[in-house]
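Q: I'm new to this structure and would like a close look at a single part of it. Could you walk me through how one helix packs against its neighbours, and then point out a few other spots to look at?

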Amino acid sequence: MPLIDRITRQGKKKLLSIDGGGIRGVLALEILLKLENLLRPDIDGDSFRLSHYFDYIAGTSTGGIIAAGLSMGLSVRDIQSFYENCGAQMFVRSNVLDRLKYKFDSEPLAVKLKEVFGSETTLGSDKLQSLLLLVMRNATTDSPWPLSNNPFGYYNNPDRSDDNGKLPLWQLVRASTAAPTYFPPEVIIIPGISDTDRHFIFVDGGVTMYNNPTFQMFLMATVDRYWSRNPEARWRTGADQMLIVSVGTGTCPDVRSGLNPNDMNLLFNATTIPSALMFAASNEQDLLCRIFGECRAGQTIDREIGNLVDSVGPLPKENKLFAYVRYNAELTRAGLDALGLENVRPETVQRMDAIDGIPELHAVGKKAAERVKKEHFIGF
């Protein structure tokens, strides 16, 4: 079915979101594999892909790689093979002179992304079988850039010289993964409406409020301004009309019980504030979804509010905007112990570049995937 027919047809909509988190995307892929196996139909099951079930797929950073692959019709096994075979190759150390600016060279990652997505594939390509949302940060304009292939979007107009649909998909994914201090930024040339090319510098979308892009995806699916070329085509809300599934790459709050105020110097703040903001932003996106949606499953957010499953918030149950499910794992000592993984060391799985921890990330993901239940998808 052509994408434009799929997104304008009547009926219930299913949306999938994947967080950022570097190589910890391996953890999310185990959850997605369980989802794929659970949702696979009895007839023609071998050809089933998550893009056949989900109408909109969003991702930031490593989640953007996964989301783009799923939207193109790759199986979860295909993407797992990419991470297994290319994970170490993506994290190739930069030269000594560049080491103070970033840890890894961008070229090996760019080469691999071109191989997977094709150097000529664009955001507007008909190879994409679902709506796709990629999040990056435009450092030139100091603003988050959530880009979608929605054909009714304001900047997805083939008549415009700056049509986002003409941008190379691999380069947008690469931009979304350009984590500061890990990879150099990505420069994307966007033709101007006055025939003047504009060079924008992009970095990882994880340093915006959308490392977890779930609620932003919901807004882009339902707010008329994101469908400005056909506002009536925007998707309808309701817990019986829309299902949103959000998949994390593991959380790792850094508890510093012995922290001394005198230790909080410029270097301390420079190295800890970005991850603290990313953690808080991801939690806030999750919290918004649990409050405005009908939360069917999710881990405890904190000891005060619990997991908000079947809770009553500002909206009565009959007015909830969507049904919502969140799958994730906590990568602290307590969180790993709760999964029965006493033999996995937190420091092995917490780093975004923990290539040596891939086997352990698989183990954590498999345990987290045990929380995926068929009853979470009733009605969809």
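A: What follows is a walk around helix α5 and its partners, with a few stops elsewhere afterwards.

Keep in mind that this is a predicted model. Our starting point, helix α5, covers residues 76-90.

Let's begin with helix α6, residues 106-117. The axes of α5 and α6 come within 9 Å and cross at roughly 155°. An angle over 145 degrees counts as roughly antiparallel, so α5 is roughly antiparallel to α6. The crossing of α5 past α6 is right-handed. Which residues of α5 meet α6? On the α5 side they are Phe82, Cys86, Gln89 and Met90. Across from them, α6 brings Pro108, Leu109, Lys112, Leu113 and Val116. Sorted by class, this contact has seven nonpolar residues, one polar and one charged.

It's worth pausing on the numbering in that contact. An α-helix has 3.6 residues a turn, so residues three or four places apart point the same way. With that in mind, have another look at Phe82, Cys86 and Gln89, which are among the α5 residues meeting α6.

Next comes helix α4, made of residues 62-71. Its axis and that of α5 come within 9 Å, and here the crossing angle is roughly 140°. That angle makes α4 oblique to α5. As for handedness, α4 passes α5 in a right-handed crossing. From α4, the residues involved are Thr62, Ile65, Ile66, Gly69 and Leu70. They meet Val76, Ile79, Phe82 and Tyr83 of α5. The residues of this contact divide into seven nonpolar, two polar and no charged. You may recognise Phe82 here: it takes part in the contact with α4, and it is also on the list for α6.

While you're at α4, look at the loop leading to it from β2 (56-60), where Ser61 sits. Ser61 isn't a glycine, yet its phi is positive, at about 60°. Is Ser61 buried or exposed? It counts as buried, because its relative accessibility is 5% and the cut-off for buried is under 20%.

The third partner is helix α2, residues 25-39. α2 and α5 pack at an angle of about 165°, and their axes are 9 Å apart. That makes α2 roughly antiparallel to α5. This crossing is left-handed, whereas α4 passes α5 in a right-handed one. α2 contributes Gly25, Val26, Leu29, Glu30, Leu32, Leu33 and Glu36 to the contact. From α5 come Val76, Arg77, Ile79, Gln80 and Tyr83. By class, the residues of the contact of α2 with α5 are seven nonpolar, two polar and three charged. Val76, Ile79 and Tyr83 appear in this contact with α2 and also in the one with α4.

Now for the other spots, starting with the cysteines. How many disulfides does the structure hold? The count is zero. Take Cys289: the closest cysteine sulfur, in Cys295, is 9.3 Å from its own, which is too far for a bond. Cys289 counts as buried because its relative accessibility is 0%. Cys295 is buried too, with a relative accessible area of 3%.

Cys252 is in the loop between β7 (242-247) and α9 (266-292). With a relative accessible area of 24%, Cys252 is partly exposed. Setting aside residues up to four places away in sequence, Cys252 touches Arg24, Leu331 and Gln350. Its C-alpha atom is separated by 25 Å from that of Lys101, 151 residues apart along the chain.

Another loop to find runs between β4 (143-148) and α7, and Gly153 is in it. At 7% relative accessibility, Gly153 counts as buried. Apart from neighbours within four places in sequence, Gly153 is in contact with Tyr226, Ser228 and Arg229. Past α7 (169-176), in the loop before β5 (186-190), you'll find Thr181. Thr181 has a positive phi of about 75° although it is not a glycine.

Last stop: helix α8, residues 214-222. This helix is mostly covered, with eight of its nine residues buried. Among them are Phe215, Met217, Phe218 and Met220.

Terms used
Residues are numbered from 1 along each chain as its sequence is written. This is a predicted model: local features need pLDDT of at least 70, side-chain atom pairs count only at pLDDT 80 or more; totals for chains, interfaces and linings use all residues. Side-chain values use heavy atoms; hydrogens and water are left out. Axes are lines fitted to C-alpha atoms, for helices over the stretch in contact, and angles run from 0 to 180 degrees between N-to-C directions. Helices (H or I, at least four residues) and strands (E, at least two) are DSSP runs, numbered from the N terminus. Angles under 35 degrees count as roughly parallel, over 145 as roughly antiparallel, 65 to 115 as roughly perpendicular and the rest as oblique. A crossing is left-handed if the near helix is turned anticlockwise from the far one by less than a right angle, and right-handed if clockwise. Contact means heavy atoms within 4.5 Å. Ala, Val, Leu, Ile, Met, Phe, Trp, Tyr, Cys and Pro count as nonpolar, Asp, Glu, Lys and Arg as charged, and the others, Gly among them, as polar. A disulfide is a pair of cysteine sulfur atoms within 2.5 Å. Buried means under 20% relative accessible area, exposed over 50%, partly exposed in between (1.4 Å probe, protein chains only).
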